Amino acid sequence: DIGVTGVQTCALPISSKAKASQSNFVAAAKALIAEAGSTYPENLAIWQVTEATETLSRFHTPTTKSCYCCSLRQVLRWLWEEHGAPKLDGSVPHFPGIRPRNVTTNRATIEALLGKASLAMQMLILLCSDLAIRSGTAIKIGPRHYNQEARTLQFRTKMDEALTLPTTDSIESLISRCDLNNPRPFITQLHDLKLPKYGRRCENAVMSLKKLRSDYNEMVQEVSPAKRITFHDLRRTAAVRMYEQTGDLRIVQALLGHRSLPSTIWYLDHDLRPVSRATLELIKRPPGPERKLA
């Protein structure tokens, strides 16, 4: 029945969809089980899928709704392919693309934050603001990701894309204070420097992103009380500044580690330039090497 099959879906789609969060599949399977009960897969009705979708969409942010519904579609496709259920994944709504926050900051604010930050927090801020790395990825980066000769970091992004980025001088300065033979992440090692020599510590622990965010938000409140600046805003700032310096979307895409160019463009569409009359006149003329659009 759906109850038994639904529990299996929590494991089977995950093995083929390693990039998705397990909790989303668990939530989708539970919602479907709650509505379908002991219904056999071939008798699964569209109203049951609709009710499961309602459950998953209630009281959640657009991002969470989108992730849950995506997982529910994958569960339904698996039931259709493997257990003879009707093809009902098309009845689960698609949410429009969810754009990132339209917020950037300036170098003066970043420097002010760095001036108040601990060594561990400095590393996190620099990885987000210099290399545009997501905070969740940044706290896990350590010696195993670092190529000392090339001065690069090699890691996998949230979407499981392989990415290699050069380090800046500021990041190199902090890495030089870490033990490259120690497998612990750089941020954890830098945090440990301020602990007593014989203080309690867990050798396998990674710094809590929740605690770092809490400390960071307190700093932001002091430095920029009128404007909330998140770690992801630092990432977006790096992307915007890179585009301003290079004018090359592909370089920005490589910096962000995006698989698709539209995702990169979303980071940059807050500052559209107005169309000038001179440009409109120029595009009507025959193309030539001496005439290039500004």
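Select Asp 215 to begin: at 26% relative accessibility, this residue counts as partly exposed. You will find Asp 215 in helix H11, which covers residues 209-223. Now add Ala 117 to the selection. Its C-alpha atom is separated from that of Asp 215 by 9.0 Å, although the two are 98 residues apart along the chain. Please keep in mind throughout that you are looking at a predicted model.

**Colour by confidence**

Before going further, switch the colouring to pLDDT. The chain averages 83, and 83% of the residues score at least 70. Where is confidence lowest, and where is it highest? The low end is helix H2 (residues 12-16), with a mean of 42, and the high end is strand E1 (residues 146-147), at 98. Select residues 4-20 next: pLDDT is below 50 over this stretch, which has 29 contacts in the model beyond near neighbours in sequence. Then try residues 198-204, where pLDDT also stays under 50. For that segment, the model has six contacts beyond four places in sequence.

**Into the core**

Two packed helices are described by the angle between their axes and the distance between the axes. Show H7 (residues 119-129) and H12 (residues 231-246) to see such a pair: their axes come within 7 Å and cross at roughly 40 degrees. An angle from 35 to 65 degrees falls outside the roughly parallel and roughly perpendicular ranges, so H7 and H12 are oblique to each other. To see what makes the contact, pick Met 121, Leu 124, Ile 125, Cys 128 and Ser 129 on H7, together with Phe 231, Leu 234, Arg 235 and Ala 238 on H12. Sorted by class, this contact has seven nonpolar residues, one polar and one charged.

Stay on H7 and widen the view. In soluble globular proteins, nonpolar side chains tend to be buried together. The largest nonpolar core here has 47 residues, and the members touching the most others are Met 123, Ile 125 and Tyr 216. H7 supplies the largest share of this core, eight residues.

Which residues does Ile 125 contact, leaving aside its neighbours within four places in sequence? Select Ile 110, Leu 113, Leu 114, Ala 117, Asp 130, Tyr 216, Met 219, Phe 231 and Leu 234 to display them. Ala 117 is the residue you paired with Asp 215 at the start, while Phe 231 and Leu 234 belong to the H12 side of the helix contact.

A second core, separate from this one, has 20 residues; Ala 52, Cys 69, Leu 72 and Val 92 are among them.

**A stop at Asn 24**

Move to helix H3 (residues 22-36) and pick out Asn 24. Is Asn 24 buried or exposed? Its relative accessibility is 15%, so Asn 24 counts as buried. Beyond its neighbours within four places in sequence, Asn 24 is in contact with Cys 67, Tyr 68 and Ser 71.

**Two loops with positive phi**

Finish with a pair of backbone details. Ala 132 sits in the loop between H7 and helix H8 (135-138). Its phi is near 55 degrees, a positive value in a residue other than glycine. With 1% relative accessibility, Ala 132 counts as buried.

For the last selection, go to Arg 151, in the loop between E1 and strand E2 (152-156). Arg 151 is not a glycine either, yet has a positive phi of about 55 degrees. At 32% relative accessibility, Arg 151 counts as partly exposed.

Conventions
Residues numbered from 1 in each chain as written. Predicted model: local features only at pLDDT ≥ 70, side-chain atom pairs only at ≥ 80, totals over all residues. Heavy atoms only, no water. Axes fitted to C-alpha atoms, helices over the stretch in contact; angles between N-to-C directions. Helix = DSSP H or I, 4+ residues; strand = E, 2+ residues; numbered from the N terminus. Parallel < 35°, antiparallel > 145°, perpendicular 65-115°, else oblique. Contact = heavy atoms within 4.5 Å. Nonpolar A, V, L, I, M, F, W, Y, C, P; charged D, E, K, R; others polar. pLDDT = per-residue confidence, 0-100. Buried < 20%, exposed > 50% of the residue type's maximum accessible area, 1.4 Å probe, protein only. Core = buried A, V, L, I, M, F, W, Y, C linked by side-chain atoms within 4.5 Å.
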